[in-house]
There are 2 protein chains.
Amino acid sequence: MYTFKELRDIIQRELDRADYVEYPEQLFEPVRYLIADSGKRLRPVIALMSYNLFHEDITPALKSAIGIEIFHNYTLLHDDVMDDAPIRRGLPTVHQKWNKNVAILSGDAAAIVAYQHIEHCEDKYLRKVITFFNQMAMDICKGQQLDMEFETRNDVTVDEYIRMIYWKTSVLLAGSMRHGALIAGASEEIYNALYDLGGSLGLAFQLQDDYLDVYGDEATFGKQIGGDITINKKTFMLIKALELADDEQRAELQYWISLKEFDKAEKIQAVTALYNAIGIKEIALTEIANYLVQCKEILRNIPIEEERKSGFYEMISLLEGRNT
Amino acid sequence: MYTFKELRDIIQRELDRADYVEYPEQLFEPVRYLIADSGKRLRPVIALMSYNLFHEDITPALKSAIGIEIFHNYTLLHDDVMDDAPIRRGLPTVHQKWNKNVAILSGDAAAIVAYQHIEHCEDKYLRKVITFFNQMAMDICKGQQLDMEFETRNDVTVDEYIRMIYWKTSVLLAGSMRHGALIAGASEEIYNALYDLGGSLGLAFQLQDDYLDVYGDEATFGKQIGGDITINKKTFMLIKALELADDEQRAELQYWISLKEFDKAEKIQAVTALYNAIGIKEIALTEIANYLVQCKEILRNIPIEEERKSGFYEMISLLEGRNT
């Protein structure tokens, strides 16, 4: 069985030697630019991990795992256009480096390249592969749609938020695991369980991102602390705080949200103090822990020898360790 | 066997009763807006015509024919964003009515809806359906890419132009015919011949559009004459004229192209006079006629009783009649 790191290296090698250079070159250049960067390759890796539960040789699953990574990058490409994001993983986004038209069209092309890769499976799995992939792709669109809608809404509930991040983030993790298991010949029971596992893992991961933006350590988190607070991003922290705040706390939160000009550090400190007073830190930690407990429970119940699942347990442990 | 008009009505009924209303509604509203309009439904109709060559009951092909129409509309949606087009078939384009983000994301969603529809076929055809559809989708992207590149290039050759319109316009017509025949159980020989037929028909149609912009009758053409000339659009007419012009004629053409301010009618008249002098009218007509002869030849050679092909012959005749 392969380790996470080994699988990531295999994915990277495969991505490096892939020949997306086709005519007209300008259509594929941005796709290569995006794929060449230093992403974690989390999605193809967990797809291969799932496949590896059943087969030692992962070669037959490699091409469709690459398809998942390309699909992920296509969604980032279009999301960055819609969010007008200038930077992605430390590099200028495609629409910044080229222009929006290039980003739209090479995104469209990347989606097709993803479909072309994902179809690499035995014929007997093709119908399910395509059906699942389409459903997953649609859920991701729905998530992005809700994310954009939430920007202009002030009454987003925690349930709505969870649904949004489930669609936008979790479903692709869930789908990657299901895909790997499906094309490995897993039973419906098992690939559905892996889908659930990926879903809960994705929620834990996203909520942790929300949490770490407030309570993380800048050095290990890798992002500036308080970024979400600065831009009033409707994260779990803010939505839950607005829900649980008393009148005075809510008024103070709203005050900081409404300010057009402010000292960043001061705002971050004030909002964090409010989160502390409302008890959001503990609530978020409990929520994350619950999802991770769920993950372990799902994993334990999957009828495969425990030692084969070690990679998945390791991933859950990594997430658990991320909180501190 | 169904007539063109009957098939169009069937498609329209199916489109009208389709339930794209899903949550979140804002994601699907633009798709419905686009689909609800009065397009010719040419692509799904020829897909059904091709299916109808082999089976009287076209019901099994209906859903994937709808998928082709949705895919076509998805490409228009994104193209309109890239071209910044304000109007499509007499109505505001989606990015005009909503905004660009809505157009990008609901376009992405429409593409997935298209994929979901197109996969409605017997399992034994699914691999080919998906492979062909992906290849077709990629060719359309390539066509759009070249179209955008040509805008800023002054050395586009006729061959390059033909390749661009082949990808951008013909391939979807070709693919629609092939798709209908494929899922009807046609032999590879026949569905490939229909693909070639659609390809040549598409080229004839696009070249005719280029021709009619100069020599058409405004009333029957339905567009203002000289629109392409006004904006220096690199059509077959202009590219061929620049290729065949003598030095004096080329200088005069370049003069009109370079003018930033001009009297529209005067420019149209002058450029048309140049086209006449260079002999572009006859060259274009010959080119179109050649493609239509090709179409009839391909059609005649398809090993199916001639009377079953009447709908296709009718389509070719319609195109022949469009020149005059």
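This is a short tour of a predicted two-chain model, from its symmetry to its contact and its core.

Before you start, residues are numbered from 1 along each chain as its sequence is written, and chains are lettered from A, with ligands numbered from 1, in the order in which they are written. Because the model is predicted, local features need pLDDT of at least 70 and side-chain atom pairs pLDDT 80 or more, while totals for chains, interfaces and linings use all residues.

**Stop 1: both chains.** Superpose chain A on chain B: a rotation of 180° with 0.0 Å of shift along its axis does it, at RMSD 0.1 Å (least squares on C-alpha atoms of residues with pLDDT of at least 70 in both). The two copies are thus related as by a two-fold rotation axis.

**Stop 2: the contact.** Now select the residues that meet across the chains (C-beta atoms, placed from the backbone, within 7 Å). You should find 30 residues from chain A and 30 residues from chain B. On chain A, α2 (25-35), α4 (59-83), α6 (100-118) and α7 (123-151) each supply at least two residues (helices are DSSP runs of H or I, at least four residues, numbered from the N terminus). Colour α7(A) next, as its 14 residues are the largest share of that side. The copies meet through the same surface, since 100% of the interface residues of chain A are also interface residues in chain B.

**Stop 3: around Ala109.** Finally, centre on A:Ala109. Leaving aside residues up to four places away in sequence, A:Ala109 touches A:Leu27, A:Phe28 and A:Val31, and also B:Met138 and B:Cys141.

How values were computed. Two residues are in contact if their C-beta atoms, placed from the backbone, lie within 7 Å.
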